[in-house]
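These are my notebook entries on a single protein chain. I recorded what I looked up, topic by topic.

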Amino acid sequence: MKILHVVPAIRNGGVASVLFNLAKSQKQNGNDVTIYVSRPQLRDKEQEFRQYGINVMASRYNNRHNPCHILELKKLLPQYDLVHVHLFPDQLFVSIAFKLLSKAKRPILITTEHNTYNNRRKIKIFRYFDRWFYNSYDAIVNISPASKLNLDKWFGKKSLINKSITITNGIDISKYRDADNIIRDEIGLSTNEKIVVMVSRLIYPKDPITLLKAVSKCDNNVHVVFIGYGPLEKDLNELAANLNISYRVHLLGRKDSAAPYLRGCDIGVLSTLWDGFGLVAVEYMAAGIPVLASDVDGLRDVVGRNENLFNVGDYGTLASKITDLLNNTEKYRKEKNIFSKRALKFSSEKMNHEYLQLYSQLQNKK
């Protein structure tokens, strides 16, 4: 098949990670795969795609909301057997371009819903708007049961609900299991000091402030490492200074891969206001460290253990859970084993196989 993926960006982040594993698998299975990036300035990972023979095509328009994308996509769509769209407003623009084509020129159309929530759902009238453009798609893939439940409820229309399925995200487990361990040498910590890590862009709706406050309540040998970048970095530095724990706070900024940093950590935390899936939680599991996470839709399904969840913003409970894990050797060992096994539920091999099955089913129906 000739496959086109439409996505706003290919840089560090969950969507790009999923897309990379998916596109690589599709290419290795003999398909011709192209990535159309609607924000051409955000192509940090382009070379990684190209080294596997995956084509990368940049839009001529920098603004992802520019409706000129529609005309560009209208010319592009008929060249492919299947078009797979990721994120809004690309979902809208592809749908409009698709509707402007004659039936003979229309490819198979798929979209993946990468979130459990978006701001359009605050306004009831947008339900009809979403129904209109999602109707163009042959399949609507949700990345978690919670994502499907919320989207189906929002649609409230049987014809769209019938197109809605779930394929959970996946990662290359071996990449994290077999990674080097460099973090303690990089930040200069001994094995007596404990490391709690959060991998995330430091931007709303992520909530690194809650984790920082929690660590301030923990023993003085507990350090927190943030891997990622964004406007919240300034807030974290200011709060760390106010709490007199700057020496225990390490902001490492952007990294091409978190894999060599995770294996040397003791606990992985994802604190967030909402998250469609929380792929980084699976990365923690694959690296062999226990996971603590905000009790939100999507992420709750990934973690799968209520005792490892905390309410959004509840840094006191998070601090207690961190302390309990680090001070209870037997419990810590058991949780490492539980999460290490759970990571296998979210392998990229499983995800890739399910997408290829879906593609084949839709191709056979056409």
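**Backbone at the prolines**

I began with proline 205, which I found in the loop between β8 (194–199) and α10 (208–216). The model is a predicted one. I then looked up the peptide bond that leads from tyrosine 204 into proline 205, and I noted it as cis, with omega near 15°.

I next turned to proline 89, in the loop between β4 (82–86) and α4 (90–99). The peptide bond from phenylalanine 88 to proline 89 is cis as well, and its omega is near 10°.

**Positive phi values**

I stayed with the loop between β4 and α4, where leucine 87 is placed. I entered a positive phi of about 80° for leucine 87, although this residue is not a glycine. Is leucine 87 buried, partly exposed or exposed? I recorded leucine 87 as partly exposed, because its relative accessible area is 22%.

Asparagine 244 was my next entry, in the loop between α11 (232–242) and β10 (249–253). Its phi is near 60°, a positive value in a residue other than glycine. I classed asparagine 244 as exposed, because its relative accessibility is 62%.

I also checked what comes after helix α13. Glycine 288 follows α13 and has a positive phi, near 85°.

**Helix α13 and leucine 318**

How many residues of helix α13 (residues 279–287) are buried? I counted 9 of 9, and I noted the helix as mostly covered. Among the buried residues of α13 are Glu283 and Tyr284, together with Leu279, Val280 and Met285.

I then looked up leucine 318, which is placed in helix α15 (residues 315–327). Leucine 318 is buried, with a relative accessible area of 0%. I compared its position with that of leucine 262: the two are 56 residues apart in sequence, and their C-alpha atoms are 19 Å apart in space.

**Cysteines**

How many disulfides does the count give? I took a disulfide to be a pair of cysteine sulfur atoms within 2.5 Å. By this rule I obtained 0 disulfides. Cysteine 265 is in no disulfide, and the nearest cysteine sulfur, that of cysteine 218, is 15 Å away. I recorded cysteine 265 as buried, because its relative accessible area is 4%. I entered cysteine 68 as partly exposed, at 30% relative accessibility.

**Nonpolar surface patch**

Which residues make the nonpolar surface patch of about 310 Å²? I listed Ile123, Ile125 and Tyr128. I followed isoleucine 125 further and placed it in helix α5 (residues 125–134). Isoleucine 125 counts as exposed, because its relative accessible area of 57% is over the 50% cut-off.

**Second largest pocket**

I closed with the second largest pocket, for which I entered a volume of about 260 Å³. Its lining consists of 15 residues. Which of them lie nearest its centre? I noted Ile108, Asp138, Ala139, Leu362 and Lys365. I also looked up which element gives the largest share of the lining of this pocket, and I recorded helix α17 (residues 348–365), with 4 residues.

Methods:
Residues numbered from 1 in each chain as written. Predicted model: local features only at pLDDT ≥ 70, side-chain atom pairs only at ≥ 80, totals over all residues. Heavy atoms only, no water. Buried < 20%, exposed > 50% of the residue type's maximum accessible area, 1.4 Å probe, protein only. Patch = residues over 30% accessible without salt bridge, like charges linked within 9 Å, V, L, I, M, F, W, Y side chains within 5 Å. Areas by Shrake-Rupley, 256 points an atom, 1.4 Å probe, with all protein chains shown as cover. Salt bridge = Lys/Arg side-chain N within 4 Å of Asp/Glu carboxyl O. Helix = DSSP H or I, 4+ residues; strand = E, 2+ residues; numbered from the N terminus. 1 Å grid on protein atoms, 1.4 Å probe; cavity = no way out; pocket = protein on both sides within 12 Å on 5 of 7 lines; lining within 4 Å. Points joined across faces, edges and corners; volume = space filled by probe spheres on them.
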